[in-house]
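Visitor: I would like to know how the labels on this structure are justified. Please set each value against its cut-off.

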Amino acid sequence: MAAVLSSDMAHTDKTVNFIEEARRMGLAIDPPNINLSEYRFVAGPEQRIVYGLGAIKGVGESAINHLITVRKQGPFTDLFSLCQRIDTHKVTKRVLEALIKCGALDTFNANRALLCEQMDAAFQAADQYHKREAQGQIDLFGDSLCDDFLIPQYNEYPHWTEQEKLQHEKETLGLYL
């Protein structure tokens with residue numbers, strides 16, 4: 001069923017029908033996850049299918065392949081470290097916004113509204129980091145790049161309502177996952 005889902009990822013209406021069929025067959029569909037999902041749907045343990053990042057609207061194959069390549073160095077821990085590690089020309093704000101809206105960054109344990117709100121700051125911090133890295137700036141002890149500014153500040157921020165969350169999932173996935 002993972003292969004069937006992967007075969008027509010470009011057609012959201014077909015993907016939605018295949019997901020409904022998988023559920024009727026007793027298969028669970030795990031939501032997209034930046035640290036687990038591949039480009040295509042993947043068969044997981046215990047009758048589970050891991051949602052493929054390629055089925056998210058607004059996220060291109062080259063951006064996903066770049067994310068997966070970078071992820072091989074280790075899992076992403078928060079939005080700021082994600083932006084620091086990626087090439088922000090390949091994975092744009094629009095791509096990250098789609099990943100946030102569909103829940104692929106829920107693994108960071110931050111609410112989706114906050115992640116969207118912090119995206120500009122994360123991209124700006126990543127840009128500063130890459131400029132410092134290119135200039136070879138090091139910290140006082142001379143052994144690492146200056147990256148103190150990349151520590152995320154998760155201020156209290158209102159969550160999206162359940163309706164907003166579902167609306168964003170429908171917009172990016174084509175269904176309420």
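Guide: Of the 177 residues in the protein, 45% are buried. This is a predicted model.

Visitor: What makes a residue count as buried, partly exposed or exposed?

Guide: Buried means under 20% relative accessible area, exposed means over 50%, and partly exposed lies in between. For the protein as a whole, the exposed area is about 9700 Å², and carbon and sulfur atoms supply 49% of it.

Visitor: Which elements are present, and in what order do they run?

Guide: The protein has seven helices and three strands. From the N terminus the order is α-α-β-β-β-α-α-α-α-α.

Visitor: How are the three strands arranged in the sheet?

Guide: They form an open sheet in the order β1-β3-β2, with mixed pairing. The edge strands are β1 and β2 (42-44), since each pairs on one side only. From one strand to the next the twist averages 35°.

Visitor: How do you know that β2 and β3 pair?

Guide: Two strands pair if DSSP finds at least two bridges between them. Three bridges join β2 to β3, so the condition is met. These two strands run antiparallel, and Val42 stands opposite Val50 in β3.

Visitor: Why is the contact between Arg48 and Asp30 called a salt bridge?

Guide: The cut-off is 4 Å between a side-chain nitrogen of Lys or Arg and a carboxyl oxygen of Asp or Glu. The closest N and O atoms of Arg48 and Asp30 are 2.6 Å apart, so the pair qualifies. The pair links distant parts of the chain: Arg48 is in strand β3 (residues 48-50) and Asp30 in strand β1 (residues 28-30), 18 residues apart.

Visitor: Are Arg48 and Asp30 buried or exposed?

Guide: Asp30 has 18% relative accessibility, which is under 20%, so Asp30 is buried. Arg48 has 34%, which falls between the two cut-offs, so Arg48 is partly exposed.

Visitor: What makes Arg112 a partner in salt bridges?

Guide: Arg112 meets Asp106 at 2.6 Å, N to O, and its closest N and O atoms with Glu169 are 3.2 Å apart. Both values are within 4 Å, so both pairs are salt bridges. Arg112 lies in helix α6 and Glu169 in helix α7 (residues 162-173), so the second pair ties together parts that are 57 residues apart in sequence.

Visitor: How are Arg112, Glu169 and Asp106 classed by accessibility?

Guide: Arg112 has a relative accessible area of 7% and Glu169 has 9%. These values are under 20%, so Arg112 and Glu169 are buried. Asp106 has 31%, between the cut-offs, so Asp106 is partly exposed.

Visitor: How many salt bridges are found in the whole structure?

Guide: A search finds ten. Glu97, Lys101 and Glu171 are linked in a network of salt bridges.

Visitor: Why is Asn111 called buried?

Guide: Asn111 has 11% relative accessibility, which is under 20%, so the label follows. Asn111 is found in the loop between α5 (93-102) and α6 (112-135). Leaving aside residues up to four places away in sequence, Asn111 touches Tyr157, Pro158 and His159.

Visitor: What makes the approach of Asn111 to Ala113 a polar contact?

Guide: The side chain of Asn111 reaches the backbone nitrogen of Ala113 at 3.0 Å. The cut-off for a pair of N or O atoms is 3.5 Å, so the distance fits.

Visitor: Why are Glu46 and Asn109 called exposed?

Guide: Glu46 has a relative accessible area of 71% and Asn109 has 73%. Both are over 50%, so both residues are exposed. Glu46 lies in the loop between β2 and β3, and Asn109 lies in the loop between α5 and α6.

Visitor: What is the phi value of each of these residues?

Guide: Phi of Glu46 is near 55°, a positive value in a residue other than glycine. Phi of Asn109 is near 60°, also positive in a residue other than glycine.

Visitor: Why is Gly60 called partly exposed?

Guide: Gly60 has a relative accessible area of 32%, between 20% and 50%, so Gly60 is partly exposed. Gly60 is found in the loop between β3 and α3 (61-71).

Methods: Residues numbered from 1 in each chain as written. Predicted model: local features only at pLDDT ≥ 70, side-chain atom pairs only at ≥ 80, totals over all residues. Heavy atoms only, no water. Helix = DSSP H or I, 4+ residues; strand = E, 2+ residues; numbered from the N terminus. Buried < 20%, exposed > 50% of the residue type's maximum accessible area, 1.4 Å probe, protein only. Polar contact = N/O pair within 3.5 Å; in protein donor to acceptor, adjacent residues only side chain to side chain. Contact = heavy atoms within 4.5 Å. Axes fitted to C-alpha atoms, helices over the stretch in contact; angles between N-to-C directions. Areas by Shrake-Rupley, 256 points an atom, 1.4 Å probe, with all protein chains shown as cover.
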